[in-house]
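Q: I should like to learn how to read a few side-chain features in a structural model. May we go through them one at a time?

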Amino acid sequence: MTSRGFIAAGDFGAVDVFEREAEQYERTCRVPLPGDIDAIRTMAISGTEASLMLQTRTNASYKLNLSDLQVKQLADVKLYPVMPAYHHGAITGLDVCTRKPLLVSCAADGSVRLWNYLTGECELCRYFPEDAYCVAMHPSGLFVLVGFGDKLRLMNVLLDEFRVFKEFGIRGCREASFANGGHLFAAAHGNIIQIYNTWTTENVYILKGHNSKVRSLHWTPDDMLLVSSGSDGAVYSWNVLESKRESEYILKNCSFTSAVCSSDGKSLYAVGNDRLLKVILGDLLDKRVMFNHIAGNHGLGRVGADRVSRCDDANAHLFSAGEDGCIYMYKLTDRHGASAAVVAAQDAAARVGFTTGMGPQSLVHGSGGGGMGYSDEILITKSELEDMTAAMAEMGRSLEERKLEHEYQLRLKDMTLTERLKELREKFTQEIEALKIGSSVLRNEKEKEESKQEEEISALKMRHMNELHEREAKYNQQLMHEYEKYQALQSRVANQQDQWQKAMREFDAGTHRAMTAVQKDAEDKMSVKQAEKSKIIAQLHTQRRECDEMARQNSQDIDTEITLIQNRYEKKLRSERDEGARLKGENGIMRKKFNTLTKEIEDNKSEIARLREDERKLRSVIAMLDKEIVTFKKEMSDRDELIQDKERRVYELKKKNQELEKFKFVLDFRIKELKEQVEPRETQIAVMTEQISAIDSDLAEQHALTQERQAQISALATRLAQMQERLAAAVARVRACVRVLRGLRVDVEDSVQYIQDPPVLRKCLKAMFAKYCARDAAATLVRGAEVEREVRDEYSRQTASLAEGIAGLRHAIAKSTDAYRADGIASMIQEERALKQLKVNKKKDAVTAPKKDPLPNLPTIASARV
C-alpha cells in the first residue's frame, strides 16, 4: 500500500500501479517485467515511497524506482537487479579451473553457470531444457563437459554463451573429469569408465571392473593413474595407458562416495557411508579416521546435504556446494593463520633446500595455479570475429562520416552563435542604459517612501501605547472580580467536605454491625459441618477394615489355585518333552530326504532363472528399439520444423523479390537517366531468381529424403514385429517349462508317500528322470543356443543399420545447413552492394539534376527493410 493507492504484481508479467480516483481505484501505470522473470513472489516499499523492492520466484531481487514513473516515459522505466542471479535448485556438479579464477556449477534448475571466484560475479549463464547431473572444466578454462539425462556434451566457453561442440552417447552421466594436462577426460557410464581424447573426441580406453555405479573419478598429477570409487564398495587405481588395474581395495558393506590419491599415487584416501576416512596403501588398508564430529557441519551456517566440494589448483581455497543452491568459498590456512599455498611451498623448500637467498614465499607468487598468474584468453568463433570486424569497420566509417558532419554542424553553430552573441550584446547594452535610468527614478521614490513610512510608524507607536494603558486597567478590574468568585467557591467546598465526613462515619458503623451478624451465622454453620465430618470419617475407617479382610481372603484363594495349576502343567510339560525328543529323531531323517529334494528343486529354479534372464534381455532389446523409434520420430519432427523454417525463408525471399520488383517498376519512370544503372540490377534479380529455383530444388530433395526416412521407419517397424513374434515364441517356451515344473512338483509330492519304502521310491525317481530330464536336455540346449545366436545376429544387424541411418542424417543436415548459410550470406552481400549502388546513383542525380525527386525516401526504405 502507498499513500495514494497500492501496487500489485504476480505471475501475469507486469507490475501494476493503482491510485485512488474519487470512490474507486484505477490503474495509472503498468511496468512490464523482463523476459527472464517468471513471477513476483514478494514486494516491499521504502518509507519515502521512492523505490520498490521485488523478489521473484527464483529468489532474484530487483529494484523499481517509483519516482521514474512521473519523470520518465513508460518505455524507459526498467527493473534494476540488486544482486546477481543465483541457483534456485540443488547444485549437482562443481569444478574449478586451473589457469583461470573460474568456477563452473550446474543445478537442478536446469542452469549451468560460470563464476569468477575472485570477484564473486556470474560471468556466464545458460539454461537447458533438461537437468544437468555433472560438470567438469578443462584446465585452460576454454571447454566444459556437462552430463545430461540423454547425452554427455562437450561445450566451448565463448564470450557470451556455452556452445555445444560435440555430443557423446552417454546417458545419465553423473561423474566426469578432465586430466590435469587437458588432453584426456574420463566419464562414468553406469559401472563403466570411458576415456576420450579431448582433441579428437575419440574413445581411446574403456575401463571395466565395477559392479555398480561409479561415484567419483580422480587423476594423479602426472595423468598416469586414474582413481575411481563406486557404490559397490570398490576403490580401483587404473593405469590409463595399459587399461588395467594397478591396485584395488574392496569393502562389501560400504558404499564409497569419493576417493583421491596423493601426488605420488601410492596412497589412496576414500570416504563412504560408514563415515570413516580410509587411508589405503596398495591393496591394504593402512588406517581409518573417524570424522563424525565434522560431518554435516558448515562454518557459515547450515548448507544441507553437501553434494560436491573442490579445491583450486593452489590449494588456497575450498569450494563447497549443496542442495540449498549455495556455493561457499573457504580460505585454507593452518592454525597459525598462514595460507595453505604458503605452507605447501615451505614444505617443498624444506625438502629440496635453498642454495640462494630466495625465500619460500617466492614459490607462491602470482594469482593462478603453478605461480604463473591467471590467463585471460577467450574463445570466439570465426563468424563472430568477422561480424565484429565488419561491424567495427562499419562503425569506423560511420564515425568518420559523423565527425565530418559534426565539424560542419559545429561551424554552422559557431557562425549562428557569433551572430546571436552580437545581437545579445547590443540588446544587453541598451537594457543596461534603460536600467540605469530606471534605478535613479526608483531611488528617488524610495527616499520619499522612507520619510512617509517613518511618520506612519511614529503615529502607530503613540496609538499602541494608549491602547495598552486602557487594556491594563480593564484586565485589573476583571481580575478582582474573579478573585471574589474564588473566595465564595472555597467556602462552599469546605461545607461540602464536612457533610461528606459525617456520611462516611455513619456508613462505617452500619458496615460493622452487618459484618458481626454475618460472622456469627457462619460460625453456627461451621460447627454443624464439623459434626457431619467426624461421622463420615468413622464410617470410612469401618469400610477400610472390611476391604482389607476381603483382599486377604482373595490372595489365599489365588495362591492355592496357582499351586494346583502349576503341578498339572509340569506333568503335561514332561510328557510333551518326551514326545518332542521322539519327533526330533524322525525330523532328522525327514530333513535329509527334504535336502535331497530341495537340491533338485534349486537346479530347476536356476534353469527357470536363466530363461527369465533371456526374457529380460529380449525385453530390454525391445525397449531399446522403442526408444530408438521415439528418437527417429523426434528427428523427423525436427526435420519438419527445419523444412517449415526453410519454406518460411523462401516465402520471405519471394516477398523481398516482389518488393524489388515494385522498386524496379518505380524506377522505370527514370529509365532515360538510369538505364545503364538498372541493367546490373536486373541481372542481379535474375541471379536471385536462379537462387530461389535452386532453393526449391533443395526443398524437393529434402522431401525425397523425408520419404526415404519414412520407408526406413516402416522397415524398422517390420523388424520390430519379427522381434515380437520371436518374443512370443520365447514366452511360449517359458510357459511350457512352467507346465513341466508343475508336473514335476506333482510327481515329487506323489513320491513323498513312499519315503519309508526305498525300492519303490528309487523306481519313482528313475521314472521321473526318464520323463523330464533325459528327453528334454538335448533339445533345451539346442534351442537355447539357437535363440542366443539369433538374438546376437539381430542385435548386430539393428545396431549397424541404425548407425548408418544416423550418420547419413548428420551428413545431410550438415550439408544442407552449410548450403543455406552460404546462400543467405551471398544474397545479403548482393543486396547490400545493390543498395550502395543506388545511393551512389541518387547522389549523382542530385548533383547533375537538382530537380525534385518524386520518390526521395525509396533507397532508405529498402535499406531499412534489409
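Q: In this predicted model, which residue lies over the face of Y236, and at what distance from the ring centre?
A: A charge is taken to sit over a ring when NZ of Lys or CZ of Arg is within 6 Å of the ring centre and within 35 degrees of the ring normal. Here R245 occupies that position over Y236, at 4.5 Å from the ring centre.

Q: Which ring has the charged end of R174 over it?
A: That ring belongs to Y133, and its centre is 4.1 Å from the charged end of R174.

Q: How is a pair of aromatic rings described?
A: One gives the distance of the centres and the angle of the planes. In this structure the count is nine aromatic pairs. A cluster linked by ring pairs consists of F168, F178, F185 and Y196.

Q: How many disulfides does a search of the whole structure find?
A: A disulfide is a covalent bond between the sulfur atoms of two cysteines. The search finds zero.

Q: Why is there no bond from the sulfur of C122 to the closest cysteine sulfur?
A: The closest cysteine sulfur, in C125, is 5.2 Å away, which is too far for a bond, because a disulfide requires sulfur atoms within 2.5 Å. C122 is partly exposed, with a relative accessible area of 23%, whereas C97 is buried at 2%.

Q: Which residues form a nonpolar patch on the surface?
A: The patch consists of M53, V82, M83 and Y86, with about 340 Å² of accessible area together. M53 is located in strand β5, residues 51–56. M53 qualifies by exposure because its relative accessible area is 33% and patch residues need over 30%.

Definitions and conventions:
Residues numbered from 1 in each chain as written. Predicted model: local features only at pLDDT ≥ 70, side-chain atom pairs only at ≥ 80, totals over all residues. Heavy atoms only, no water. Patch = residues over 30% accessible without salt bridge, like charges linked within 9 Å, V, L, I, M, F, W, Y side chains within 5 Å. Areas by Shrake-Rupley, 256 points an atom, 1.4 Å probe, with all protein chains shown as cover. Salt bridge = Lys/Arg side-chain N within 4 Å of Asp/Glu carboxyl O. Helix = DSSP H or I, 4+ residues; strand = E, 2+ residues; numbered from the N terminus. Buried < 20%, exposed > 50% of the residue type's maximum accessible area, 1.4 Å probe, protein only. Phe/Tyr/Trp six-rings, centres within 6.5 Å; stacked < 30°, edge-to-face > 60°.
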